[in-house]
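Good morning, colleagues. Please take a moment to look over the sequence and the structure before I begin.

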Amino acid sequence: MIKKMITTTLLTAPRLLLWRSTISTTQALQFASSHTETRRITRSSANNIANNNFRRHHCRQSHHGIGSTASNSNDNQRTNTIIEEEENDDHDANILGGISLLEHVNINIPDHSNLDFYTKILGMGLDPRRAANVVQGSGTVWANCGASQFHLPYGDTAQVIPGSIGLAFSSLQPLKDRLTVADADASSPEKYQFEIGTDERSGREYVKLHDGYGNVIYARERAVDLNTDVDTMKQPILSGKNVEEFGEAIASEYGRDETDCIGIDYVEFRCPRGTVPPISEFYECALGAVVDVVQDGADDVAIVCCGKISASGRPTQCLIFRESDEPTPPYDGHHVAMYVGDTKDDFEHVYKNCEKAGVVWVNPRFSDKATSLEGAKRYKQFRFKDILDLETGKTVFTLEHEMRSVEHSAWPGKR
């Protein structure tokens with residue numbers, strides 16, 4: 001019943017949902033999670049993915065009379081189609097899915113000392129809209145990189161992403177130089193854990209870092225074919241010229257003309273076995289997202305595309321859900337923020353889907369309290385945290401989503 005109600009709303013916004021994901025499995029995984037070993041799609045594994053794709057796409061195909069189960073011949077046809085698409089990778093470039101930007105990750109930090117990890121090591125910029133909190137020594141600070149941000153509110157207990165975060169750099173050399181200096185400085189109070197390696201699958205170099213609280217970050221150089229409008233979006237950063245507003249000490253310490261880190265590539269979450277199919281279906285049906293389900297070794301992986309997809313099949317950004325036998329820790333309140341579509345109508349359609357699914361939620365920690373469409377239109381955002389199995393209505397994964405309209409005042413793109 002939940003899926004049927006959502007389908008009714010989705011059909012009013014077909015622009016976001018008329019095409020099927022054609023992301024190349026190998027290319028997407030190289031971009032998103034290339035620190036682990038994967039294998040090329042085989043006919044056997046493609047057959048499993050075909051079954052998942054059929055069930056997921058039923059949420060918007062059922063009105064054409066297609067049933068919820070497929071015959072063997074249909075399975076084989078769909079499998080052959082997927083294999084051809086994987087080999088030919090023939091689709092239009094720069095297609096926009098239902099999520100236009102993965103904007104920020106919000107994680108508590110116990111004090112502002114960890115801000116140096118984001119600004120002086122990772123090379124992000126301090127957002128001037130929250131720089132006063134650095135002066136005061138309390139409150140939330142924002143570390144910016146390209147179109148994206150890390151929101152770092154004060155919290156007694158640090159929050160940890162159960163997975164990893166991928167960051168993009170034009171070059172890794174300045175980051176490696178900063179880590180070498182910090183590691184050699186005997187007077188430095190921080191000794192950042194890091195390792196430098198090369199992905200066996202792609203041959204790309206990476207730097208793996210730990211933030212001191214348990215968050216794992218992978219830094220890689222941005223893939224050359226990802227030249228999209230997200231790269232032209234910039235969050236504001238504190239400049240060395242902001243002396244009058246914040247004082248010479250803050251302006252001198254944090255001021256910069258540009259950031260070394262140029263954006264968030266992906267956020268990956270570990271999830272329990274068997275949850276990738278319902279997670280992928282939820283994002284496709286409720287949010288209008290482009291989703292691909294692939295296999296990486298023994299793991300099923302859902303890749304939720306954010307932004308546009310390049311001619312080679314790479315999404316600009318993505319959320320990744322990787323099935324794992326490792327226990328999922330209790331949800332600690334971290335969240336992600338993203339922008340929906342490219343019009344206010346796209347945003348309103350997604351809100352209606354989430355309302356019908358019964359997942360719209362208010363976090364008492366924040367001032368926005370959208371519990372209706374009118375409230376979402378007023379705040380230009382809403383929140384939810386339960387990802388549902390649309391067949392059963394049960395929650396299969398918990399992650400707070402701050403869903404924003406492109407009309408939100410903080411949208412970093414052109415208006």
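**Salt bridges, a pocket and a core residue**

Let me start with one residue: Asp260 has a relative accessibility of 16% and therefore counts as buried, the cut-off for that class being under 20%. The model we are looking at is predicted. The side chain of Asp260 forms a salt bridge with that of Arg178, at 2.7 Å from N to O. Because Arg178 sits in helix H7, residues 173-184, and Asp260 in the loop between helix H9 (248-254) and strand S10 (261-271), this pair ties together parts that are 82 residues apart in sequence. Arg178, for its part, is partly exposed, at 22% relative accessibility.

Before going further into the pairs, I should place them in the chain as a whole. The protein chain has 415 residues, of which 57% count as buried. Its secondary structure comprises twelve helices and 17 strands. If one takes contacts between residues at least 6 apart in sequence, 72% of them join residues at least 24 apart.

A word on confidence. The average pLDDT of the protein chain is 79, and 73% of the residues score at least 70. Over residues 8-92, however, pLDDT stays under 50, although the model has 183 contacts beyond four places in sequence for that stretch. Where pLDDT is low, predicted coordinates should not be read in detail.

I return to the charged pairs. Side chains of opposite charge can pair when their charged atoms come close. How many salt bridges does the count come to? The count comes to 22.

A second example joins Arg322 and Asp299, whose side chains meet at 3.7 Å, N to O. Arg322 belongs to strand S13 (residues 315-323) and Asp299 to strand S12 (residues 299-309), so this salt bridge ties together parts 23 residues apart in sequence. Arg322 is buried, with a relative accessible area of 7%, and Asp299 also counts as buried, at 18%.

The third example is the salt bridge between Asp368 and Arg383, at 2.9 Å from N to O. Asp368 lies in the loop between strand S15 (360-361) and H12, while Arg383 lies in strand S16, so the pair links parts that are 15 residues apart in sequence. Are these two residues, Asp368 and Arg383, buried or exposed? Both are buried. Elsewhere, salt bridges with shared partners connect Arg201, Glu268, Arg273, Asp296, Asp299, Arg322 and Asp325 into one network. Two members of that network, Asp299 and Arg322, are the pair from my second example.

Strand S16 brings me to a point of backbone geometry. Most residues other than glycine have a negative phi. Lys380 is not a glycine, yet its phi is positive, at about 60°. The position of Lys380 is the loop between helix H12 (373-379) and strand S16 (381-388). The side of Lys380 open to solvent can be put in numbers: its relative accessible area is 29%, which makes it partly exposed.

Next, the largest pocket. Rolling a probe the size of a water molecule over the atoms shows where empty space is left. The largest pocket holds about 410 Å³ of space. Its lining consists of 23 residues, and those nearest its centre are Arg130, Trp142, His151, Glu402 and Arg404. By class, the lining has eleven polar, seven charged and five nonpolar residues. Which strands each supply at least two residues of this lining? They are strand S2 (99-106), strand S5 (148-152), S16 and strand S17 (395-404). Of the contributors, S2 gives the most, with three residues.

Strand S2 also contains Leu102. Leu102 has a relative accessible area of 0% and is therefore buried. Leaving aside residues up to four places away in sequence, Leu102 touches Ser148, Ile264, Val267, Cys306, Gln317, Cys318, Leu319, Val336, Ala337 and Met338. Leu102 and Thr316 are 214 residues apart in sequence, but their C-alpha atoms are 9.4 Å apart in space.

My last residue is Gln295, in strand S11 (residues 291-296). With a relative accessible area of 15%, Gln295 is buried. From Gln295 to Glu323 there are 28 residues in sequence and 9.9 Å in space, C-alpha to C-alpha.

That concludes the presentation; thank you for your attention.

Methods:
Residues are numbered from 1 along each chain as its sequence is written. This is a predicted model: local features need pLDDT of at least 70, side-chain atom pairs count only at pLDDT 80 or more; totals for chains, interfaces and linings use all residues. Side-chain values use heavy atoms; hydrogens and water are left out. Helices (H or I, at least four residues) and strands (E, at least two) are DSSP runs, numbered from the N terminus. Buried means under 20% relative accessible area, exposed over 50%, partly exposed in between (1.4 Å probe, protein chains only). On a 1 Å grid over the protein atoms alone, a cavity is a set of points where a 1.4 Å probe fits but cannot get out, and a pocket is an open set with protein on both sides within 12 Å along at least five of seven lines; lining residues have an atom within 4 Å of a point. Grid points are joined across faces, edges and corners, and a volume is the space filled by probe spheres set on the points. Ala, Val, Leu, Ile, Met, Phe, Trp, Tyr, Cys and Pro count as nonpolar, Asp, Glu, Lys and Arg as charged, and the others, Gly among them, as polar. pLDDT is the predictor's confidence in each residue, from 0 to 100. Contact means heavy atoms within 4.5 Å. A salt bridge is a side-chain nitrogen of Lys or Arg within 4 Å of a carboxyl oxygen of Asp or Glu.
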